[in-house]
Structures are given as structure tokens and as C-alpha cells.
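Grab a coffee and work through these short exercises with the structure open beside you. Try each task before reading its solution.

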Amino acid sequence: MLLKFPPSVPDNQKRDLTSQILDWCLTNGVVFENSDKPGNGLNVPVTLFPTPFSRHGYKNAIELQVLYNSLYHAVFKHPEFVIEQLSQLKEDEFTMKLLSIYENCSKRRTQNLTGGVFRSDYIVDKSRNSGEEGRQIKQVEFNTVSVSFGALSSKVTELHKFLAETAKTSVHGEVPVSKSLRDIAKGLATMHSAYGCQQAILLFVTQPNETNVMDQRLLEYELYREYGIISVRATLEQIHRKTTIGEQNRLIFIPTGAEISVVYYRAGYAPHEYATAADWTARERLEGSHAIQCPSIMTQLIGTKKIQQVLTKPGVIEQLQPNLTNTEIELIRKTFVGLWPLDETDLGKEGQKLAMQSPEKFVLKPQREGGGNNIYKKDIVKHLENIGHENWSSYVLMELIDPPKISNTILRNGDLVTGRVVSELGVFGTVLWDTEANKELMNNQAGFLLRTKTQKSNEGGIAAGFGCLDAVLLL
Ligand code: ADP
Ligand code: MG
Ligand code: MG
């Protein structure tokens, strides 16, 4: 059934609502930096109304985060298991290069602590497990590096709550506010404090020509306002020139001589970012230094789609986390859809057969982050034929999640577009792990994000022009 959504609003009210939203966004930093004109902002696309989302699914996703954080800690504690799984990806040069840096650095590591800002993403599935509990959320992926929109999600959810409560929209229902800006900053501050040098600074690793700058700046300002922590931003190329290793393996920011406590990556996940040998040298310097990595290379690698696929195999969670209760295992497993390798194992051969026989049910994923890398439906067969059989094991095959039919209006570049939409809920998590004591020192759920895209697009790249930021409307 198509929900009666969005509410019908006369054109003059829509214009008024649009201008209120644009003003809110400009006032609160919900903007992308215009890369042609640095210092100028472009409104981030947002929905006109918060999108209805299953209350059960929302609650479930929030509650699952600490379980998922712990599951990934269990994976992290077994590097030999991770390396064995990743050896299937030997044709994937980028993953292999990261792994070789991990191996080089593990011999000389002086820092026991390692951090993470994670985000587990879900889409509600309408065809499975509906019934009493309501619709079931299914996990799209678990991100362990450079997760974005924590800060802007706090702002956009506040916007929709404000509009609903002040009767500026005719939306009825609960609109929860995401505390992700506060909570991610708190997570980073906890890492900084655990490093044990108050006057040290935090390093944000950023991409050149980044447009999603405010999402990062808001965290920087929150860290200073709430904790007095100073941050600097630098690209890998700048890090190569501006950092050095000082006494006792300390990472030093040359321009000020400050010691760096935490290296927070908002970059470094895509092959094109390592255009020169200097970029790789910079990454290796950071990884091998005494600064807490958020994330370390091993933490980045456990976020690969390959590890996600392996975790769905029967018995793997139990083997990694023997102390989990059956109820906890069941909660996690319920969020899985089918995932297959395309290697020469029995499961891999099953995956190959499914991909060739019914590609319209699947998405094919390489070990890449940041959107725009997946292959969908009928394109899968052509793609597999093109890349050659020896490269197949670098991919995983995933069942497509079937979202409920909902409509909303998206405001992008001043234009309003109404139509069918698909929403993806992300839940943030912050962790701090002690690799010496094998302990979780921090395991928190850290707010959420709702991204919505038009149903016609396979992916919801917000900057790419398909997706937008949204809030959850709990009915
Ligand atoms: P990335 O790491 O590049 O973000 P994702 O696995 O999140 O890769 O895939 C990108 C997008 O593709 C998702 O945000 C979602 O819109 C869509 N997508 C991915 N997997 C599925 C799936 N199993 N079912 C439906 N849509 C999917
Ligand atoms: Mg994703
Ligand atoms: Mg991802």
C-alpha cells in the first residue's frame, strides 16, 4: 500500500516552507562548500517532511549498535582470521596494499589503543518478516572508516522536529533528534583523553577539494567548545610534508610542534586518494606512530564487504563470540540478507550460479567505499564477463533489499521533486579498543542518520545528486 504521504500542502505554503528550510540550513551550517568558490555554501538537499519509518525497525537498529560494535571487536581480535578471509581478495591491489602496511607497522607498534567511529546502515524490507513486529530492518553494510553526516544529521533532525512542533508542517508523529554531533565528538574526546596528553591536538585527515566540510567542522567546533581540544585538518599530501615522528614514536605536527593524540580519518578509503608514493608514505607514518588511529588499518579492513559476507556464514559469529546469547545472535542474524562470495568454494559456486541465473535479485559489490562502486541487476552478468574470472573473488554478491513504497518531496537546488523514495537508516557507534588487554574500553551507540533517495536511482549519493538528508517520522 502506498502511504498517504507526503501531506498535501498548497503551493503558497510549500514556498513558505521551502524558504524556512533554506534559512534553517544556512543558519545551522547544513551546507556543502562550493568547491568553485571556497568559503561559499550550497544548500544540502533535504526532504520537505520527515519520512515515516517503522518504529520497531528504528528501535531495533539503535539497540543493535552496541552488539554490532562488539561483534566487530571480536573480528578485530582475530587478525589471522581477517587476513585469511582477505587473502581471497588477492587481485584487489588496494586492499593488499593496506594489508601490507598493516603488517609492516604491526612489528613496531607502540600504541595499544585503537578507535572507531562506525555506522551500520539499514533499509526496511517489506517482503520478509513483516507481521506482528512490524517491518524488519536489513543491514546494507557496516562502515568502519570515514563515516559522514553525523553532525549534519543532528541539524536536519532538529530542523524537522522544529517544523513539526511549531506546526509549520502538518506532520504528526514523533521526530527523534539524533545526538550524533554531540556523541561522536564525545567519542573522539574519550580517545584523546585516553591518549593521556591534554595539550596534544587531534588530526582530521581530509580529502583535497572536500565539499562536505561543515559536517567535519561542526565536530571540530564541538570538540573545542566542550572539551577544549584543538584540531587541525590536513590531506595525505600535506601530512607527508607537515608531520614527523618525534621522540618515543610521537606524531608531531611540524607547523606548531604539537603532538597529535588522535588521527581521525575522513579520507583514505579510496584508491584514487593515494595518487603518489608520498600519500602511501603518509598513511604508513600515521599507522606506525604512537597516535591513536581512528580507524587503524585493521579496523578499516574489517569493514570490507568481504568480512560482512563471511559473518553471515552459519557458525562464524558463534566461533568469534562464544559468549553471546542465542537471543543476541538471533537479533544480529535477523538483519542479514543473503551474501555470497564468488570464489571456487561450494558457496562461491552457488553465488556464481545465482548471479548468472537471476541477476535482477542482486547487487554485486567490490571492496570499495564512498558510493558509486556497485553493479546492479542485469549489469552484473556483463560486468562479470568483462572483468575475467580471476577477479570474481574480489566481489561479493548480495540480495537486494525490497523497501516499502513511500513518497516524499525532496528539496534540491531550490527545486521540489515529489515521488517514490527509499530511506536508509544509519546508526553511529563509537569504540575504543585496547589491543594489549584485548578489551573494549568504550562501546557506545552515537545517534543516527536518515538518508533518502528517489526510488529510481540505485544509490543515494547526496553530493552526486540522488540522495538527501532526512529525519525519521515514527508513527
Ligand atoms: P558504499 O560503501 O559505497 O556506501 P553500500 O553497500 O552502502 O556501499 O551501497 C551503496 C548504496 O547501494 C546503498 O546506500 C544503497 O542505496 C544501495 N544498496 C546497497 N546494497 C543494497 C541492497 N542489498 N539492497 C538494496 N540497495 C542496496
Ligand atoms: Mg553505504
Ligand atoms: Mg560503505
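**Exercise 1: Leu-26, in or out?**

Leu-26 counts as exposed, with 12 C-beta neighbours inside 10 Å. Bear in mind that you're looking at a predicted model.

Task: say in which helix Leu-26 sits and which residues it is in contact with, leaving aside neighbours within four places in sequence.

Solution. Start with the address: Leu-26 belongs to helix 1, which covers residues 11-28. Next, check the count: a residue is exposed if 12 or fewer other C-beta atoms lie within 10 Å, so Leu-26, with 12, gets that label. Then look for partners beyond four places in sequence: Leu-26 is in contact with Val-31 and Gly-41. To finish, try a long jump to Ile-254: it is 228 residues from Leu-26 along the chain, and their C-alpha atoms are separated by 35 Å.

**Exercise 2: How far can you trust it?**

Task: find the mean pLDDT of the protein and the ipTM and pTM of the complex.

Solution. First, the per-residue confidence: the mean pLDDT is 94, and 97% of the residues reach 70 or more. Second, the scores for the complex: the predictor gives an ipTM of 0.99 and a pTM of 0.97. One habit to keep: where pLDDT is low, the predicted coordinates shouldn't be read in detail.

**Exercise 3: Into the core**

Task: work out how many residues the largest nonpolar core has and which helix gives the most to this core.

Solution. Count first: the largest nonpolar core has 106 residues. Those with the most contacts inside it are Val-205, Val-262, Val-263, Tyr-264 and Leu-425. Helix 2, residues 55-76, gives the most to this core, with 9 residues. Apart from that core lies another, of 15 residues, including Leu-339, Ile-380, Trp-392 and Val-396.

Now zoom in on Tyr-264. Setting aside neighbours within four places in sequence, Tyr-264 is in contact with Leu-188, Leu-202, Leu-203, Phe-204, Val-205 and Cys-294. One of these partners, Cys-294, has something of its own to show: a cis peptide bond joins it to Pro-295, with omega about 5°. Pro-295 is in the loop between strand 12 (292-294) and helix 10 (297-301).

**Exercise 4: Two helix crossings**

Task: describe how helix 6 packs against helix 7, then do likewise for helix 4 and helix 9.

Solution. Two packed helices are described by the angle between their axes and the distance between the axes. Take helix 6 (residues 180-195) and helix 7 (residues 213-227): their axes are 9 Å apart and the angle is about 65°. Angles of 65 to 115 degrees count as roughly perpendicular, so that's the word for helix 6 and helix 7. Helix 6 passes helix 7 in a right-handed crossing. On the helix 6 side the contact is made by Leu-181, Arg-182, Ile-184, Ala-185, Leu-188 and Ala-189. Helix 7 brings Leu-218, Leu-219, Glu-222, Leu-223, Glu-226 and Tyr-227.

On to helix 4 (residues 93-106) and helix 9 (residues 277-288): their axes come within 9 Å and cross at roughly 40°. That makes helix 4 and helix 9 oblique to each other, and their crossing is right-handed. Here Ile-101, Asn-104 and Cys-105 in helix 4 meet Arg-283, Glu-284, Glu-287 and Gly-288 in helix 9.

**Exercise 5: Positive phi without glycine**

Task: decide whether Phe-149 is buried or exposed, and then repeat the check for Asn-249.

Solution. Begin with the backbone: Phe-149 isn't a glycine, yet its phi is positive, about 75°. Phe-149 is in the loop between strand 6 (136-143) and helix 5 (150-165). The cut-off for buried is 20 or more other C-beta atoms within 10 Å; Phe-149 has 22, so it's buried.

Asn-249 also has a positive phi, near 65°. Its loop runs between strand 9 (243-245) and strand 10 (251-253). With 14 other C-beta atoms within 10 Å, Asn-249 is partly exposed.

**Exercise 6: Strand 16**

Task: place Glu-399 and list what it touches beyond four places in sequence.

Solution. Glu-399 is in strand 16, residues 396-399. It has 17 C-beta neighbours inside 10 Å, so it counts as partly exposed. Beyond four places in sequence, Glu-399 touches Val-337, Gly-338, Lys-361 and Phe-362.

Key
Residues numbered from 1 in each chain as written. Chains lettered and ligands numbered in written order. Predicted model: local features only at pLDDT ≥ 70, side-chain atom pairs only at ≥ 80, totals over all residues. Core = buried A, V, L, I, M, F, W, Y, C linked by C-beta atoms within 7 Å. Helix = DSSP H or I, 4+ residues; strand = E, 2+ residues; numbered from the N terminus. Contact = placed C-beta atoms within 7 Å. pLDDT = per-residue confidence, 0-100. Axes fitted to C-alpha atoms, helices over the stretch in contact; angles between N-to-C directions. Parallel < 35°, antiparallel > 145°, perpendicular 65-115°, else oblique. Left-handed = near helix turned anticlockwise from the far one by under 90°.
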